[in-house]
Amino acid sequence: MVSYVFYDDTDCGGIVYHANYLVFCERARSLLFFEKGMLPHNTKHGFVVKEIESSFIKTLYLGDKYKVQTTPLEIKSASLILKQEIFRIATCNTALDTPELVFSLKVKLAHIDIHTKKPCKITDSLQDVAGFFTCNDCI
């Protein structure tokens with residue numbers, strides 16, 4: 001799934017706010033869960049962001065079409081590290097010959113107990129995390 005840059009994503013010059021690149025990546029991670037009929041949390045456990053490294057490479061503009069690509073880098077019993085890249089795939093509905101990398105993110109997600117706020121083992125229903133986070137066509 002892909003998405004567009006909407007007016008509320010931008011400043012008065014039509015440039016995407018820097019914080020919205022993080023929002024786009026968060027939406028992509030959430031969609032990966034939703035597509036599996038799951039939520040990123042339940043009443044006992046959930047994933048939270050522990051660390052982020054980001055690189056702003058180019059700018060997205062109002063009307064640009066983009067996709068977020070998510071790749072697992074490291075999977076442990078209570079955490080995982082993902083690489084997320086945002087690619088511009090069209091400008092004002094004109095498809096690009098080659099997608100342009102505009103943003104790159106490395107994020108460490110900790111799996112925690114919702115009540116104690118302490119790390120806990122990723123539940124059995126999420127053990128197939130590697131397959132879970134390999135959707136390249138998700139927003």
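Start with Ser3, whose bridge partner in strand β3 is Tyr66. That pairing belongs to a small piece of sheet: strand β1, residues 3-4, is joined to strand β3, residues 65-75, by two bridges, and the two strands run antiparallel. Tyr66 also stands opposite Arg88 in β4, so if you follow this tyrosine you pass from β1 through β3 to β4. Between β3 and strand β4, residues 79-91, the pairing is again antiparallel, with 10 bridges, and a hairpin of three residues leads from one strand to the other. All of this is read from a predicted model.

Now step back to the whole chain. How many helices and strands does the chain have? There are two helices and five strands, and from the N terminus on they follow the order β-α-β-β-β-β-α. Among contacts in the chain with a separation of 6 or more, 68% are between residues 24 or more positions apart. Of the 139 residues, 40% count as buried. The accessible surface comes to about 7,800 Å², and carbon and sulfur atoms supply 56% of that area.

A word on confidence is useful before looking at side chains. The mean pLDDT of the chain is 88, with 88% of the residues at 70 or more. Residues 135-139 are a stretch to read with this in mind: pLDDT stays under 50 there, although the model has 22 contacts for these residues beyond four places in sequence.

Next come the charged side chains, where the count of salt bridges is seven. One of them sits in helix α1, residues 18-34, where Glu26 and Arg29 are three residues apart and therefore separated by about one helical turn. Their side chains meet in a salt bridge with an N to O distance of 2.3 Å. Are these two partners buried or exposed? Glu26 counts as partly exposed because its relative accessibility is 36%, whereas Arg29, with a relative accessible area of 6%, is buried.

Another salt bridge joins Glu100 and Lys58, with the closest N and O atoms 3.2 Å apart. This pair links distant parts of the chain, since Glu100 is in strand β5 and Lys58 is in the loop between β2 and β3, 42 residues apart. Both ends are partly exposed: Glu100 has a relative accessibility of 26%, and Lys58 has one of 39%. Lys58 and Glu100 also belong to a network of salt bridges that includes Asp64 and Arg88. Arg88 brings us back to the opening, as this is the β4 residue that Tyr66 stands opposite.

A further salt bridge is found between the side chains of Glu85 and Lys83, at 3.9 Å from N to O. Here Glu85 counts as buried because its relative accessibility is 14%, and Lys83 counts as partly exposed at 30%.

Strand β2, residues 45-56, offers two residues to look at, beginning with Val49. Together with Leu22 and Ile52, Val49 forms a nonpolar patch on the surface, and the three have about 220 Å² of accessible area together. With a relative accessibility of 40%, Val49 counts as partly exposed.

The other residue to look at in strand β2 is Glu53. Its relative accessible area is 51%, which means that Glu53 is exposed. Which residues does Glu53 touch, leaving aside those up to four places away in sequence? They are Ser104, Leu105 and Lys106. With Lys106 the C-alpha to C-alpha distance is 5.1 Å, although the two residues are 53 apart in sequence.

Finally, turn to the backbone of Lys117, a residue in the loop between β5 (94-113) and α2 (129-132). Most residues other than glycine have a negative phi. Against that background, the phi of Lys117 is near 65°, a positive value in a residue other than glycine. Lys117 counts as exposed because its relative accessibility is 56%.

Technical notes
Residues numbered from 1 in each chain as written. Predicted model: local features only at pLDDT ≥ 70, side-chain atom pairs only at ≥ 80, totals over all residues. Heavy atoms only, no water. pLDDT = per-residue confidence, 0-100. Contact = heavy atoms within 4.5 Å. Patch = residues over 30% accessible without salt bridge, like charges linked within 9 Å, V, L, I, M, F, W, Y side chains within 5 Å. Areas by Shrake-Rupley, 256 points an atom, 1.4 Å probe, with all protein chains shown as cover. Salt bridge = Lys/Arg side-chain N within 4 Å of Asp/Glu carboxyl O. Helix = DSSP H or I, 4+ residues; strand = E, 2+ residues; numbered from the N terminus. Buried < 20%, exposed > 50% of the residue type's maximum accessible area, 1.4 Å probe, protein only. Pairing = 2+ DSSP bridges.
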